[in-house]
Amino acid sequence: MALTPDDIGRLQHLARLELQPHESERMLTQINGFFSIVEAMRAVDTAGIEPLAHPVAAVQDVQLRLRDDVASEPNQREANQQSAPAVEAGLFLVPRVIE
């Protein structure tokens, strides 16, 4: 996939950017470069390869250092909800936006 100068113009309009012609050309070159990298990565056959939890796991065993899941702050729900316009059963009430 490659972008054209028209595509850059459309992106420029959507993003509300004011680019000089040389900046548009540079952006076109950079974005097309990114696309070529993605295409090269997609060309690699990864069938049967398990995802890694950590990139170093491919060369050595990795023990993830996860901390215990414990509350480190006191519960201040009531104090935090005092300024809320509407609260019910410890939950913030918000206006319905979807019928």
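1. Where is the place of Arg77? Arg77 sits in helix H3, in what is a predicted model. Helix H3 covers residues 77-81. The relative accessible area of Arg77 is 41%, and Arg77 is therefore partly exposed, since that class lies between the 20% limit for buried and the 50% limit for exposed.

2. Arg77 also has partners outside its own stretch of sequence. With neighbours within four places in sequence left aside, Arg77 is in contact with Ala89 and Gly90. A further distance concerns Leu91: the C-alpha atoms of Arg77 and Leu91 are separated by 9.2 Å, and the two residues are 14 apart along the chain.

3. Ala89, one of the two contacts of Arg77, belongs to the loop between strand S1 (87-88) and strand S2 (91-92). Its backbone deserves a look. Ala89 is not a glycine, yet has a positive phi, near 55 degrees. Is Ala89 buried or exposed? Its relative accessible area is 74%, so Ala89 falls in the exposed class, which begins over 50%.

4. Arg16 is another non-glycine residue with a positive phi, here about 55 degrees. Arg16 is located in the loop between H1 and H2. Relative accessibility stands at 63% for Arg16, which places Arg16 in the exposed class because the value is over 50%.

5. How do helices H1 and H2 lie relative to each other? Two packed helices are described by the angle between their axes and by the distance between those axes. Helix H1 spans residues 5-14, while helix H2 spans 21-42. Their axes come within 10 Å and cross at roughly 105 degrees. The pair is therefore roughly perpendicular, as the range for that description is 65 to 115 degrees.

6. The residues that meet across this pair can be listed. From H1 they are Pro5, Ile8 and Gln12; from H2 they are Ser24, Met27, Leu28 and Ile31.

7. Gln12, in helix H1, is a useful residue to follow on the H1 side. Relative accessibility is 19% for Gln12, so Gln12 counts as buried, the limit being under 20%. Not counting neighbours within four places in sequence, Gln12 is in contact with Leu17, Glu18, Leu19 and Ser24.

8. Ser24 is on the H2 side, within that helix. With a relative accessible area of 16%, Ser24 is buried. Residues up to four places away in sequence aside, Ser24 touches Ile8, Gln12 and Leu19. Ile8 and Gln12 are among the H1 residues that meet H2.

9. Leu17 lies in the loop between H1 and H2. Which residues does Leu17 contact, leaving aside neighbours within four places in sequence? They are Gln12 and Met27. Gln12 comes from H1 and Met27 from H2. The relative accessible area of Leu17 is 39%, and Leu17 is accordingly classed as partly exposed.

10. Two pairs give a sense of separation in the model. The C-alpha atoms of Leu17 and Phe92 are separated by 38 Å, with their positions 75 residues apart along the chain. For Leu11 and Gln82, 71 residues apart in sequence, the C-alpha separation is 44 Å. Leu11 is part of helix H1 and, at 35% relative accessibility, counts as partly exposed.

11. Which residues form the nonpolar patch on the surface? They are Val56, Val59, Val62, Leu64 and Leu66. Together they have about 480 Å² of accessible area. Leu64, one of these residues, lies in the loop between helix H2 and helix H3. Leu64 has a relative accessible area of 47% and is partly exposed; that value is over the 30% required of patch members, so Leu64 meets this condition.

Definitions and conventions. Residues numbered from 1 in each chain as written. Predicted model: local features only at pLDDT ≥ 70, side-chain atom pairs only at ≥ 80, totals over all residues. Heavy atoms only, no water. Patch = residues over 30% accessible without salt bridge, like charges linked within 9 Å, V, L, I, M, F, W, Y side chains within 5 Å. Areas by Shrake-Rupley, 256 points an atom, 1.4 Å probe, with all protein chains shown as cover. Salt bridge = Lys/Arg side-chain N within 4 Å of Asp/Glu carboxyl O. Helix = DSSP H or I, 4+ residues; strand = E, 2+ residues; numbered from the N terminus. Buried < 20%, exposed > 50% of the residue type's maximum accessible area, 1.4 Å probe, protein only. Axes fitted to C-alpha atoms, helices over the stretch in contact; angles between N-to-C directions. Parallel < 35°, antiparallel > 145°, perpendicular 65-115°, else oblique. Contact = heavy atoms within 4.5 Å.
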